[in-house]
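Hi,

Here is the structure for your review. Please open it alongside this note; my findings follow below it.

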Amino acid sequence: MSCRHTVLRLLPVLTIAAACLAGIYYRAYSPPRYTPAQPVPFDHATHTDADKANMDCLACHRGGETQPAAGMPPASTCLDCHRHILADDPRLLPLHAAANPDSPIYTSDPLRWVRSQALPAHVHFNHAAHAKAGYACERCHPNPGSATDHSMSTCIECHRTENLGTACSDCHH
Ligand code: HEC
Ligand code: HEC
Ligand code: HEC
Ligand code: HEC
Ligand code: HEC
């Protein structure tokens, strides 16, 4: 067998190996995730812990099982509770400005939550497809609000375990 044929037969293996190395390299050398200042100092634990507000993720991120993007809650969702809970708390003034027409500071300008874990635009990820496969939110977001790592190697490790293809074009456009 010629050397050229051996290389051709090994090509898929080499490609996957290169992707793994790129993934490991990228993970090892990626800088710490950016944790931006938000319009309101929101804390997930207060809202999702069973002994606190005990909310379901989908109450705020409504697209998490049915849409490509999970989505961010509008201020009106927050005010469903915060018209009554901590109603005069200065930390929550931006909620009243955004969505409480009875408030003197009402402007109707929506809150602008800052994404801290966004994937680069060339990567395709769809929440609905992954919810259909049966994963709970916590599988990929064990601790929302802290630096969760959506690295390429995390995607590929699971896709390989699930016997899915790992062609570059599956995830990259
Ligand atoms: C009361 C509403 C609320 C609930 C309930 C809630 N979230 Fe959030 N979530 C937010 C808000 C507001 C932000 C934006 C501020 C921030 O990043 O902390 C956010 C941000 C996030 C982000 C970060 C997105 C990014 O790229 O910056 C993830 C991931 C997330 N939530 C997942 C979850 C999961 C998983 C649950 C259930 C365990 C959950 N959330 C429950 C309101 C909520
Ligand atoms: C289901 C009711 C509910 C909803 C909806 C809700 N909260 Fe809360 N929130 C609470 C409770 C309960 C507390 C704790 C109150 C206390 O400390 O006395 C709280 C506390 C807070 C605090 C004070 C800091 C802390 O974590 O204790 C902030 C800020 C806050 N919420 C922001 C938000 C924002 C922003 C949203 C919408 C994205 C939201 N909340 C939606 C129930 C809710
Ligand atoms: C298989 C892994 C996986 C699962 C399961 C998953 N997510 Fe995500 N989530 C991601 C990735 C990856 C991103 C970054 C996507 C991007 O930036 O395009 C993300 C982004 C988000 C964001 C911010 C951007 C957006 O989509 O609006 C929120 C909020 C979020 N997820 C909530 C949830 C909730 C709620 C669930 C459960 C219903 C869930 N996720 C299940 C991997 C997952
Ligand atoms: C926990 C395991 C797991 C993780 C982590 C995971 N996936 Fe998936 N992914 C799956 C499964 C299972 C399917 C097949 C779903 C179906 O039945 O179509 C899938 C399907 C896909 C598809 C094809 C369906 C579609 O959306 O068009 C793409 C693209 C994809 N994943 C991208 C990603 C990316 C990008 C990441 C990392 C940011 C990722 N996945 C992380 C398990 C995972
Ligand atoms: C299962 C999904 C998946 C597959 C398959 C995949 N990638 Fe990725 N790739 C990602 C994700 C997610 C990121 C973003 C990682 C991050 O932001 O930390 C990424 C990032 C990258 C980057 C870094 C780009 C940047 O913005 O810095 C390169 C280069 C890359 N991939 C090349 C490849 C090549 C080449 C292949 C095929 C051999 C491949 N990827 C296959 C999910 C995938």
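Alanine 136 is exposed, because only 12 or fewer neighbours are allowed for that label and alanine 136 has 9 other C-beta atoms within 10 Å. Bear in mind that this is a predicted model. Alanine 136 sits in the loop between α6 (127–132) and α7 (137–140). Glutamate 65 is 71 residues away from alanine 136 along the chain, yet their C-alpha atoms are separated by 9.3 Å.

Next, ligand 4. There are 20 residues around ligand 4. Asn126, Ala129, Ala133, Cys155 and Cys158 come nearest. Four helices each supply at least two residues of this shell: α6, α7, α8 (152–161) and α9 (168–171). The largest share comes from α8, with 4 residues. By class, the shell around ligand 4 holds 10 nonpolar, 6 polar and 4 charged residues.

Then ligand 2. It is surrounded by 19 residues. Closest are Asp43, Thr46, Ala53, Cys78 and Cys81. Two or more residues of this shell come from each of α2 (44–48) and α4 (75–82). Here α4 gives the largest share, 5 residues. The class split for ligand 2 is 12 nonpolar, 4 polar and 3 charged residues.

To look at both sites quickly, start from the cysteines. Cys155 and Cys158 are among the nearest residues to ligand 4. Cys78 and Cys81 are among the closest to ligand 2.

Best wishes

Methods:
Residues are numbered from 1 along each chain as its sequence is written. Chains are lettered from A and ligands numbered from 1 in the order in which they are written. This is a predicted model: local features need pLDDT of at least 70, side-chain atom pairs count only at pLDDT 80 or more; totals for chains, interfaces and linings use all residues. A residue is buried if 20 or more other C-beta atoms lie within 10 Å of its own, exposed if 12 or fewer, and partly exposed in between; C-beta atoms are placed from the backbone. A residue is near a molecule or strand if its C-beta atom, placed from the backbone, lies within 6 Å of it. Ala, Val, Leu, Ile, Met, Phe, Trp, Tyr, Cys and Pro count as nonpolar, Asp, Glu, Lys and Arg as charged, and the others, Gly among them, as polar.
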